[in-house]
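The following exercises are intended for a reader who meets this structure for the first time. Please attempt each task before reading its solution.

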Amino acid sequence: MNDKWWFRDGFLGLTTAAVARLGVVWNFIPRKTDNLSIGVPFLNIESSRSLGPLVSPIDGKVVAWNDNLLDNPDQLTNETWIVKVEQP
């Protein structure tokens with residue numbers, strides 16, 4: 001992975017460093033897609049330090065979105081998953 005993302009047991013989330021760089025997250029705007037592709041945006045984020053797309057670090061089929069996080073973006077931590085992904 002890289003310094004932005006973690007991926008384990010099918011769940012994809014942001015690292016401690018990435019969460020810290022964002023500051024307070026106000027909104028997630030998912031691009032409700034069924035598939036992720038490396039380098040392709042799948043989520044827009046609005047925070048106190050950033051506005052723009054997050055690009056996927058992996059390929060795979062989206063199995064679930066973390067709707068609780070989408071409804072409560074201020075609860076983002078380095079332990080919070082954003083999407084559950086099934087890899088080919």
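**Exercise 1: A loop residue**

Asp 9 lies in the loop between strand 1 and strand 2 (11-14); strands (E, at least two residues) and helices (H or I, at least four) are DSSP runs, numbered from the N terminus. The model is a predicted one, in which local features need pLDDT of at least 70, side-chain atom pairs count only at pLDDT 80 or more, and totals for chains, interfaces and linings use all residues. Residues are numbered from 1 along each chain as its sequence is written, and side-chain values use heavy atoms, with hydrogens and water left out.

Task: determine the sign of phi at Asp 9, and state whether Asp 9 counts as buried or exposed.

Solution.
Step 1. Most residues other than glycine have a negative phi.
Step 2. Asp 9 is not a glycine, yet its phi is positive, at about 50°.
Step 3. Buried means under 20% relative accessible area, exposed over 50%, and partly exposed in between (1.4 Å probe, protein chains only).
Step 4. Because its relative accessibility is 70%, Asp 9 counts as exposed.

**Exercise 2: Aromatic rings**

Task: find how many aromatic pairs a search of the whole structure gives, and describe the cluster that ring pairs form.

Solution.
Step 1. Rings of Phe, Tyr and Trp (its six-membered ring) pair if their centres lie within 6.5 Å; planes under 30 degrees apart count as stacked, over 60 as edge-to-face and the rest as tilted.
Step 2. Three aromatic pairs are found in the whole structure.
Step 3. One of them joins Trp 5 and Phe 42, a tilted pair with 5.8 Å from centre to centre and 40° between the planes.
Step 4. This pair links distant parts of the chain, since Trp 5 belongs to strand 1 (residues 5-8) and Phe 42 to strand 5 (residues 41-47), 37 residues apart.
Step 5. Trp 5 and Phe 42 are both buried.
Step 6. Phe 42 also forms a tilted pair with Trp 65, at 6.1 Å centre to centre and 40° between the planes.
Step 7. That pair too links distant parts of the chain: Phe 42 is in strand 5 and Trp 65 in strand 7 (residues 60-65), 23 residues apart.
Step 8. Trp 65, like Phe 42, is buried.
Step 9. Through these ring pairs, Trp 5, Phe 42 and Trp 65 are linked into a cluster.

**Exercise 3: Strand pairing**

Task: give the strand order of the open sheet of five strands, and identify its edge strands.

Solution.
Step 1. Strands of a sheet pair through backbone hydrogen bonds, either parallel or antiparallel.
Step 2. Two strands count as paired if DSSP finds at least two bridges between them.
Step 3. The five strands of the open sheet have the order 1-2-8-7-4, with antiparallel pairing.
Step 4. Strand 1 and strand 4 (35-36) are the edge strands, each pairing on one side only.
Step 5. Strand 7 is joined to strand 8 (residues 81-86) by four bridges, and Trp 65 has Val 83 in strand 8 as its bridge partner.
Step 6. Strand 4 and strand 7 pair over two bridges, with Leu 36 opposite Gly 60.

Task: state how many bridges join strand 5 to strand 3 and to strand 6.

Solution.
Step 1. Strand 3 (residues 25-30) runs antiparallel to strand 5, and five bridges join them; Asn 27 stands opposite Glu 46.
Step 2. Strand 5 is likewise joined to strand 6 by five bridges in the antiparallel sense, with Gly 52 the bridge partner of Ile 45.
Step 3. Strand 5 and strand 6 form a hairpin with three residues between them.

**Exercise 4: The largest pocket**

Task: state which strand gives the most to the lining of the largest pocket, and classify the lining residues.

Solution.
Step 1. On a 1 Å grid over the protein atoms alone, a pocket is an open set of points where a 1.4 Å probe fits, with protein on both sides within 12 Å along at least five of seven lines; lining residues have an atom within 4 Å of a point.
Step 2. Of the 16 lining residues, the closest to the pocket centre are Lys 4, Ala 18, Leu 22, Pro 53 and Leu 54.
Step 3. Strand 6 gives the most to the lining, with five residues.
Step 4. By class, the lining has nine nonpolar residues (Ala, Val, Leu, Ile, Met, Phe, Trp, Tyr, Cys and Pro count as such), three charged (Asp, Glu, Lys and Arg) and four polar (the others, Gly among them).
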